[in-house]
Amino acid sequence: MIHAIAAIAISTSVCVVPEAVVQQAAVIGLARSVGAGGSDSAALQYCEYFLVDDTGKARVLYYDPRGQKIAEKQLSSTVASSGEAQLEEARPDVMQEDFRLGEIREVIRDGDRWQMRYRKNRQDKVGEVEVPDSDVDVVDAGFDPFVRQHWEQLAAGGSIEFNFASPPHGQVVRLRARAVACDGSVAAAEHLCLRVEPANALLRWFAGDLFLAYSSRDRRLRYFTGVVNLQDARGAAQKLSIRYSYR
């Protein structure tokens, strides 16, 4: 889906998007190809804009560099802290649609259970799986409030295991978050850097991991590297780096 209204380039972003989107965005993320040490000069793949309406409901709009709206994600709740949008719950309802090939990812609470729905493209049927409420610790971007809830333990060098709802896998995945040394993407003295990987040691040989850097000052995510929640234009998983700025 492409916005029919005129779009202009905004200095705070190298994506071409409607000015109203940038003005309303509380958070902007620039997703780039992983290369040259994750440098900001790597090729831009898309931009994401985190918006919150008057009722506290949040959505994330994804645009490619040319200004095409390629996906949208809706989240059930946020909390406004000092005028800044910030997710409150580690387990929000999530509905995400990619407009290019029709991929759908959903995790929705239904009473004492969670329903996960996934469709890879418009030619596929939607797969549905239900899991007990107690089996889910984190849903999608709810990992951010989960980190803040366990900040002291992680900052002290500890690790935490948790169950992550994964619609593409059609199941809950057991993961582990642990503090690691920061790489050159951020200033080590000002950040808490984490690695997220499968909790099962054997699976770590086959599955990729995620690297995240949180500001020690405000405990907000500043940098991410790993497989992202959007496929590329061909429908394949993609590993990118994302740098976030807050307004």
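**Ala-42 and Arg-32**

I began at Ala-42, which I found in the loop between β3 and β4, and I kept in mind from the start that this is a predicted model. Ala-42 has a relative accessible area of 12%, and because buried means under 20%, I entered Ala-42 as buried. I then looked up a partner far along the chain and noted Ser-241, which is 199 residues away from Ala-42 in sequence, while the C-alpha atoms of the two are separated by 9.3 Å.

Which side chain has a polar atom 3.0 Å from the backbone oxygen of Ala-42? I traced that atom to the side chain of Arg-32. Arg-32 itself belongs to strand β3, which runs over residues 27–33. I had to check whether to call this arginine buried or exposed, and at a relative accessible area of 13% Arg-32 is buried.

**The whole chain**

I stepped back to the protein as a whole and recorded 3 helices and 19 strands. Of its 247 residues, 47% count as buried. I also looked at how contacts are spread along the sequence: among those between residues at least 6 apart, 42% join residues at least 24 apart.

**Nonpolar cores**

I looked up the largest nonpolar core and found that it has 43 residues, with Tyr-46, Phe-143, Phe-162 and Tyr-214 having the most contacts inside it. Another core lies apart from it, with 13 residues, including Val-17, Leu-30, Leu-51 and Tyr-63.

I followed Phe-162 further, leaving aside its neighbours within four places in sequence, and wrote down its contacts, among them Phe-143, Phe-146, Val-138 and Val-196. The list for Phe-162 also takes in the run Val-173, Arg-174, Leu-175, Arg-176 and Ala-177, as well as Asp-137.

**The second largest pocket**

I turned next to the second largest pocket, for which I noted a volume of about 190 Å³. Its lining is made of 14 residues, and those nearest its centre are Asp-53, Lys-57, Ala-58, Arg-59 and Gln-74. The elements that give two or more residues to this lining are β4 (44–52), β5 (58–63), β6 (69–75) and β9 (94–98). Which element gives the most to the lining? I found that β6 does, with 3 residues. Sorted by class, the lining of this pocket has 6 nonpolar, 3 polar and 5 charged residues.

**Phe-99 and Gln-231**

I looked up Phe-99 and placed it in the loop between β9 and β10 (104–110). Phe-99 is buried, at a relative accessible area of 17%, and its C-alpha lies 5.3 Å from that of Ile-70, although the two residues are 29 apart in sequence.

Gln-231 sits in another loop, between β18 and β19 (239–246). I noted a relative accessible area of 5% for Gln-231, which counts as buried. Its side chain makes a polar contact of 3.3 Å with the side chain of Glu-103. Beyond four places in sequence, the residues in contact with Gln-231 include Asp-98, Arg-100, Arg-105, Tyr-118, Ala-236 and Gln-238. Lys-120 is also in contact with Gln-231, and I recorded that these two are 111 residues apart in sequence but 9.2 Å apart from C-alpha to C-alpha.

**Cys-182**

I found Cys-182 in the loop between β15 (171–180) and β16 (191–198). Not counting residues up to four places away in sequence, Cys-182 touches Ala-188, His-191, Cys-193 and Phe-211. I also checked Arg-195, which is 13 residues from Cys-182 along the chain, and the C-alpha atoms of these two are separated by 9.8 Å.

**Positive phi values**

My last entries concern backbone angles. I noted that phi of Asp-140 is near 50°, a positive value in a residue other than glycine, and that Asp-140 is placed in the loop between β13 (138–139) and α2 (143–149). Arg-219 is not a glycine either, yet has a positive phi of about 60°. I located Arg-219 in the loop between β17 (210–215) and β18 (221–227), and at a relative accessible area of 29% I entered Arg-219 as partly exposed.

Definitions and conventions. Residues are numbered from 1 along each chain as its sequence is written. This is a predicted model: local features need pLDDT of at least 70, side-chain atom pairs count only at pLDDT 80 or more; totals for chains, interfaces and linings use all residues. Side-chain values use heavy atoms; hydrogens and water are left out. Helices (H or I, at least four residues) and strands (E, at least two) are DSSP runs, numbered from the N terminus. Buried means under 20% relative accessible area, exposed over 50%, partly exposed in between (1.4 Å probe, protein chains only). A polar contact is a pair of N or O atoms within 3.5 Å; within protein, one must be able to donate a hydrogen and the other to accept it, and residues adjacent in sequence count only if both atoms are side-chain atoms. On a 1 Å grid over the protein atoms alone, a cavity is a set of points where a 1.4 Å probe fits but cannot get out, and a pocket is an open set with protein on both sides within 12 Å along at least five of seven lines; lining residues have an atom within 4 Å of a point. Grid points are joined across faces, edges and corners, and a volume is the space filled by probe spheres set on the points. Ala, Val, Leu, Ile, Met, Phe, Trp, Tyr, Cys and Pro count as nonpolar, Asp, Glu, Lys and Arg as charged, and the others, Gly among them, as polar. A nonpolar core is a set of buried Ala, Val, Leu, Ile, Met, Phe, Trp, Tyr and Cys residues joined through side-chain atoms within 4.5 Å. Contact means heavy atoms within 4.5 Å.
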